[in-house]
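Trainee: I would like to learn how to read a fold step by step. Could we go through one together?

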Amino acid sequence: MSEPVAFGDRLAAAFAAYGRLCVGIDPHAQLLESWGLPDSGEGVREFGLRVVDAAAGQIGIVKPQVSFYERHGAAGYAALERVFAEARDAGLIVIADAKRGDIGSTLAGYADAWLRPGSTLEADALTLNPYQGLATLAPVMERAAAVGKGVFVLAATSNPESGPVQTAELRQSSRAGRTIASAMVDGVDAWNRARPDASTRTLGDAGVVIGATVELRAVGIDPDAYGETPGLPVLAPGFGHQGGDAAQLGELFGRLAAGAIVNESRSVLAAGPEEIGEAVRRRAGEVGSLGV
Ligand SMILES: O=c1ccn([C@@H]2O[C@H](COP(=O)(O)O)[C@@H](O)[C@H]2O)c(=O)[nH]1
């Protein structure tokens, strides 16, 4: 069997071909209503498939929000399987935003569900929650990289409630005195740089989640400390509806902008079913012309 193409390489290729816009597939109940779709498994499937159709050939990355599928139970999961399959068949990189985390043995089950080639829920990357310790995630990071998949570890999230936890300082670790947010960025970056093929890679296979609403230095992250090879993938939600402005990507993320994925969900999805294709095409052009 041939070697899988590394996730970081696929991400770099998607940036080169389509730019860095990622459209979120977030079928909120209100959006389903405004799209004229039922709030059911069928509705979320149809919504997802229409977004995939709009995204194919216009952008390189989509991020289905698992919660909005999970609320429909088995029917929601069946819909998600179909949306993932169609998106991946269309050549899109699929980031499953499920924010999983647990003790190692349990986390392995999540990796099997979301990152195993051939799984019905196979995605290209998965968001992970490091609250049980970054080290618990390392086996999943290894396993993902071995099969050409990626992960994004929550570091500095876009929600306003994140501050007290993510700016708390570590006490017992080699990163004592650093904020939790910066220790996560540092830890994931170090993991990428310790990979055997690190020197040949543009982007690593593991990334972090940093919200576009976050002032990086205020949470202890020096964005200019991360320009080494390979670059660090950064999944950046918080643009559009939450107030972040993609035109300020370089200002917000400094050298980290090189690996940044600009996620926009509601601000694009609000276009509705008739206009979604045009909205994705226009926004991809606007974000592409920022020249980061
Ligand atoms: O820090 C985070 C992590 C994840 N998200 C997710 O991204 C999208 C954002 O949707 P918008 O409609 O563009 O606000 C959503 O799925 C969140 O769960 C985030 O916002 N912040």
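Trainee: Let me begin with strand pairing: which residue stands opposite Val62 in β2?

Mentor: Happy to start there, with the reminder that this is a predicted model. To read a pairing, look across from one strand to its neighbour and find the facing residues. Here Val23 stands opposite Val62 in β2. Further along, Ile25 stands opposite Pro64. Together β1 and β2 (residues 61-64) make four bridges and pair in the parallel sense.

Trainee: Which other strand pairs with β1, and over how many bridges?

Mentor: That is β8 (residues 260-264), again in the parallel sense, with three bridges. In that pairing, Leu21 faces Val262 of β8. The sheet also continues from β2: two bridges join β2 to β3 (residues 93-100), and these strands run parallel. The facing residues there include Ile61 and Ile93 of β3.

Trainee: Is each face of β1 buried or exposed?

Mentor: The general idea comes first: side chains in a regular strand alternate between the two faces of the sheet. So sort the residues by side, then check burial on each side. For β1, Leu21, Val23 and Ile25 lie on one side, with Cys22 and Gly24 on the other, and every one of them is buried, so both faces are covered. Because five of the five residues of β1 (residues 21-25) are buried, this strand is largely enclosed by the rest of the structure.

Trainee: Which residues of β2 point each way?

Mentor: Ile61 and Lys63 point one way, Val62 and Pro64 the other, and all are buried.

Trainee: Why does Ala74 count as exposed?

Mentor: Count neighbours: a residue is called exposed if 12 or fewer other C-beta atoms lie within 10 Å of its own. Ala74 has 8, so it is exposed. Ala74 is found in helix α5 (residues 73-89). Its C-alpha atom is 8.2 Å from that of Gly41, although the two are 33 residues apart along the chain.

Trainee: What is unusual to look for in backbone angles, say phi of Lys99?

Mentor: Check the sign of phi, and whether the residue is glycine. Phi of Lys99 is near 50°, a positive value in a residue other than glycine. Lys99 sits in strand β3, and it is partly exposed, with 18 other C-beta atoms within 10 Å. For omega, look at the bond from Thr229 to Pro230: it is cis, with omega near -5°. Pro230 belongs to the loop between β6 (206-210) and β7 (234-236).

Trainee: How many residues surround the ligand, and which are the closest?

Mentor: There are 17, and the closest are Thr157, Ser158, Pro237, Ser265 and Arg266. To read the character of such a shell, sort it by residue class: this one has two nonpolar, eleven polar and four charged residues.

Trainee: And why does the overall size of the chain agree with a compact globule?

Mentor: Compare the radius of gyration with what the chain length suggests. For 292 residues a compact globule would be near 19 Å, and the protein chain has 18 Å, so the two agree. The chain holds twelve helices and eight strands, and 51% of its residues count as buried. Among contacts with a separation of 6 or more, 77% join residues 24 or more positions apart.

Trainee: Which residues does UniProt list for a domain?

Mentor: An unreviewed UniProt entry lists residues 20-280 as "domain: Orotidine 5'-phosphate decarboxylase". Over that range the chain is 38% helix and 16% strand, and the end C-alpha atoms are 12 Å apart.

Methods. Residues are numbered from 1 along each chain as its sequence is written. This is a predicted model: local features need pLDDT of at least 70, side-chain atom pairs count only at pLDDT 80 or more; totals for chains, interfaces and linings use all residues. The radius of gyration is taken over C-alpha atoms; the globule rule is 2.2 Å times the number of residues to the power 0.38. A residue is buried if 20 or more other C-beta atoms lie within 10 Å of its own, exposed if 12 or fewer, and partly exposed in between; C-beta atoms are placed from the backbone. Two residues are in contact if their C-beta atoms, placed from the backbone, lie within 7 Å. A residue is near a molecule or strand if its C-beta atom, placed from the backbone, lies within 6 Å of it. Ala, Val, Leu, Ile, Met, Phe, Trp, Tyr, Cys and Pro count as nonpolar, Asp, Glu, Lys and Arg as charged, and the others, Gly among them, as polar. Two strands pair if DSSP finds at least two bridges between them. UniProt positions are given in the numbering used here, feature names are shortened, and annotations may be inferred rather than shown by experiment.
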